[in-house]
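Visitor: I'd like a close look at one part of this model: the place where the ligands sit, and what the protein puts around them. Please take it slowly and walk me through it.

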Amino acid sequence: MSGRRDKKLNKFRRQRIWPSIVGMVISTILFGTACVILFSLYVGSSLNNKLYNAHQTVDKVAKLVEDNIDEPLEVINSKLNAARGLLNRVEAVCVVDSEKNVLKQFGDGEPNFDYRLISVTDEDGFEMLADENSEVFAIEDSELTINHTKLFKKGDFASLFVKDMFTPEWGEQDWLSEKVWFVSHSSDKTYSICVETEFAITRYEILITMIFAAFSGILVLFFLIYHLSSVIKLIIAKRRVYGLLHTDLVTGGKNRYYFRRVGQRFIDRPGKRQYAVVLLRVEKYRNYCTVYGVDAGEELLERLNMIIGSKLARREIVARMDKSDFALLLNYDCDYSLTERIISIINELNYSLVGRKAVFVAGICTRNEKKADIMTLFNEAGLAARTYDPNSNENIIWFTDEMEAEQIWERKVEDEMERAVANREFAVYLQPKYKTKEERIGGAEALVRWIHPVDGLIPPYKFIPIFERNGFILTLDDYMITEVSRIQARWLQEGRELFPISVNVSRAHFTTDNLAEHICQIVDSFGVPHEFIELELTESAFFDDKDILLRTVARMKELGFKVSMDDFGSGYSSLNSLKELPLDVLKLDAEFFRGEGHLDKANLIVGETITLAKKLGMTIVAEGIETREQVDFLAELDCDLIQGYYFAKPMPINEFEKSTYGSSEDSESSAEDVNTNSSESL
Ligand code: C2E
Ligand code: CA
Ligand code: CA
């Protein structure tokens, strides 16, 4: 996964849902509270208004009584009657002294003394007093309080909304009424005027209030639904994006992100369960696609995903990681049962091929340390799978301690390679190539050795494959060409006879178009004639981009470099490449001269290859020659040059100088300095 993509994914993953939910709850509570406050304010102000109106009426009655206090009762009564409009809800009026004894009483209605005066008014004039038995109103700490539950009980909703719905004066009817006393002090404070009135709330008022309450409730509900729907949308969008992110576009199953995320969660979960990570791959998938077509290839991957998926238990995963690589996270009991399971999966896969051919290889890693990184385990399974040998029947390979050691070694090499170049720890060893007939030196091959400050001499097979994998081979090859040019330039300056020295050019170079110019630039900076530098290309390079290869080889030759094909006959030899490429030298792979069986056939092939190459005007070098018989045989076949232990092993520069020129000059080159005492003992 690329770093950027990884970052984006993590950012997306970090976007949590819960802040939206908390936000929703908080905003709904705030909005709800605002509505309740508004509603309370509305109810409060309505009640206040009513009280104020009642107060106004009582005030007028009290004033009328006080103005006429000395008048006879009948006069006051008639005046009160005259002001009937004012007294709409006035039930009774009386005058009390400071001891609360009734001095006078007016009006038609008898004052109902079931209502006891609870408290005397304050200085400001009015105070509404409720009967202490009243269920709705009460005076507490001289504050009027309303008991809401009782208020609604009295309201009788059923009759409000159903029974009385169609009566014409419905709105005007009282829904709730309470008799209360208002007490007003006379200006000289010698007596007080008490007015009993009915404090009533009409149904119309209550309906308006209820509509207002319902409206507020609906508003809060809408607010909640709106937020809830956006949270749900967010969850759905997240799930959908997750689904897409975790779906493999070829198989329709899970992909590497899913494996990494969910798999890691599974193995991190504490419990008795143990897991094995398996890499299952279709070996040579490219060949399968070439033979049966890309569609058939993709169909195979899809089927593979389906078959494996159908064989999984709970908390097991299959995901396509790359090309034809599948990662499996399987429960692990013991090696035997796991192997059996994988065999049965592979058998079923083979069965599903119906006549087609594909090879399935599984690498297994069962390291079960807690907190293990799943991708590390997968890489380890991959390392195991990488050791698959097509010549053996073993296609289920376990990650072993040796592989782990190799991996540790690879990491060490990668950590130290930059430093090694900077400190010139890579030394050039030269292996002479002998002219077959004269048996004297006719050239040499430059081979790298790592003279490690702690580990000593490290042979190339221990680091070249790693460099080829991580691309550092480009730096190393440049380094080698530079060092060889430096040596040749010195010898030239010292007036020594020069031989062509070949350097290995890894196939990784053939991705750029200007390789020939690049090498030319290095060699020219030392002023070495190009014919003394030979470039060895491995046969495998011929399977990469052919156009670039052909152009590069042609350009190398144009620039005057010798170009050779290394390891000819080691892999998939193609006589075609001899036809297409204008090569100068053909290096017969050492494998031709190894092994006991089929010697006659091998010799025949060597003979014929030499004849063919000669006809094409190429120089032949036989590699890995160790015996006198081989030398004699090659001499008979008119092979040009021999490179092998029989004549000389690769050696440090000073040794090479001694054996070739008969003297060893002290040199400034640190590569030589480190090599002065080391002789090859391969
Ligand atoms: P190669 O290019 O095929 O080099 C020949 C290998 O055969 C050398 O191994 C050499 O020491 C070995 N050899 C030569 N004669 C005999 C013999 O008679 N018997 C046996 N058993 N072996 C013989 P070496 O030096 O270990 O290099 C191994 C490979 O590493 C080379 O194979 C080459 O592919 C790679 N290599 C070495 N140096 C470089 C380099 O500077 N750049 C690149 N790209 N690859 C390099
Ligand atoms: Ca070589
Ligand atoms: Ca070779």
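Guide: Let's start with the metals, where a donor is an N, O or S atom within 2.8 Å of the metal (3.2 Å for Na, K and Ca), and sites may look incomplete since water is not among the atoms. Keep in mind that this is a predicted model, in which local features need pLDDT of at least 70 and side-chain atom pairs pLDDT 80 or more, while totals for chains, interfaces and linings use all residues. Residues count from 1 along each chain as written, chains are lettered from A and ligands numbered from 1 in the order written, and side-chain values use heavy atoms, with hydrogens and water left out.

Asp566 is a good place to begin, as this residue bridges the calcium ion (ligand 3) and the calcium ion (ligand 2), which lie 3.9 Å apart. On the ligand 2 side, the coordinating atoms come from Glu445 (OE), Asn504 (OD1), Glu536 (OE) and Asp566 (OD), at 2.1 to 2.3 Å. Read along the chain, those donors give the spacing E-x58-N-x31-E-x29-D. Glu445 and Asp566 bring together distant parts of the chain: Glu445 sits in strand β15 and Asp566 in strand β19, 121 residues apart. (Strands are DSSP E runs of at least two residues and helices H or I runs of at least four, numbered from the N terminus.) Glu445 and Asp566 are also buried, meaning under 20% relative accessible area; exposed is over 50% and partly exposed in between, with a 1.4 Å probe and protein chains only.

Now for the other ion. The calcium ion (ligand 3) is held by Asp566 (OD), Asp567 (OD) and two entries for Glu623 (OE), at 2.2 to 2.4 Å. Its donor residues follow the spacing D-D-x55-E in sequence. Here too the chain is joined across a distance, with Asp567 in strand β19 and Glu623 in strand β21 (residues 619-623), 56 residues apart. Glu623 has a relative accessible area of 11%, so it is buried, whereas Asp567 comes out at 22% and is partly exposed.

Next, ligand 1. Taking "near" as having a heavy atom within 4 Å, 22 residues surround ligand 1, and Gln431, Arg449, Asp477, Glu626 and Tyr645 come nearest. By class, that shell splits into nine nonpolar, five polar and eight charged residues. (Ala, Val, Leu, Ile, Met, Phe, Trp, Tyr, Cys and Pro count as nonpolar, Asp, Glu, Lys and Arg as charged, and the rest, Gly among them, as polar.) Three elements each supply at least two shell residues: β15 (441-452), α14 (473-493) and β19 (562-568). β15 contributes the most, with four residues.

Some side chains make polar contacts with ligand 1, that is, pairs of N or O atoms within 3.5 Å. Asp477 places a polar side-chain atom 2.8 Å from a nitrogen of ligand 1. Two metal donors turn up here again: Glu445 has a side-chain N or O atom 3.1 Å from an oxygen of ligand 1, and a polar side-chain atom of Asp567 lies 3.2 Å from a ligand 1 oxygen. Overall, the protein covers 80% of the 790 Å² of accessible area that ligand 1 has on its own, by Shrake-Rupley with a 1.4 Å probe.

Last, the charge pairing. Side chains of opposite charge can pair when their charged atoms come close. With a salt bridge defined as a Lys or Arg side-chain nitrogen within 4 Å of an Asp or Glu carboxyl oxygen, the structure holds 28 of them. One is Arg555 with Glu558, whose closest N and O atoms are 2.7 Å apart. Those residues are three apart in helix α16 (residues 546-558), so about one helical turn separates them. Arg555 is partly exposed at 29%, and Glu558 is exposed at 59%. Back at the metal site, salt bridges with shared partners join Lys433, Glu445, Glu534, Glu536, Lys587 and Glu623 into one network. Glu445 and Glu536 in that network are among the donors of ligand 2, and Glu623 is a donor of ligand 3.
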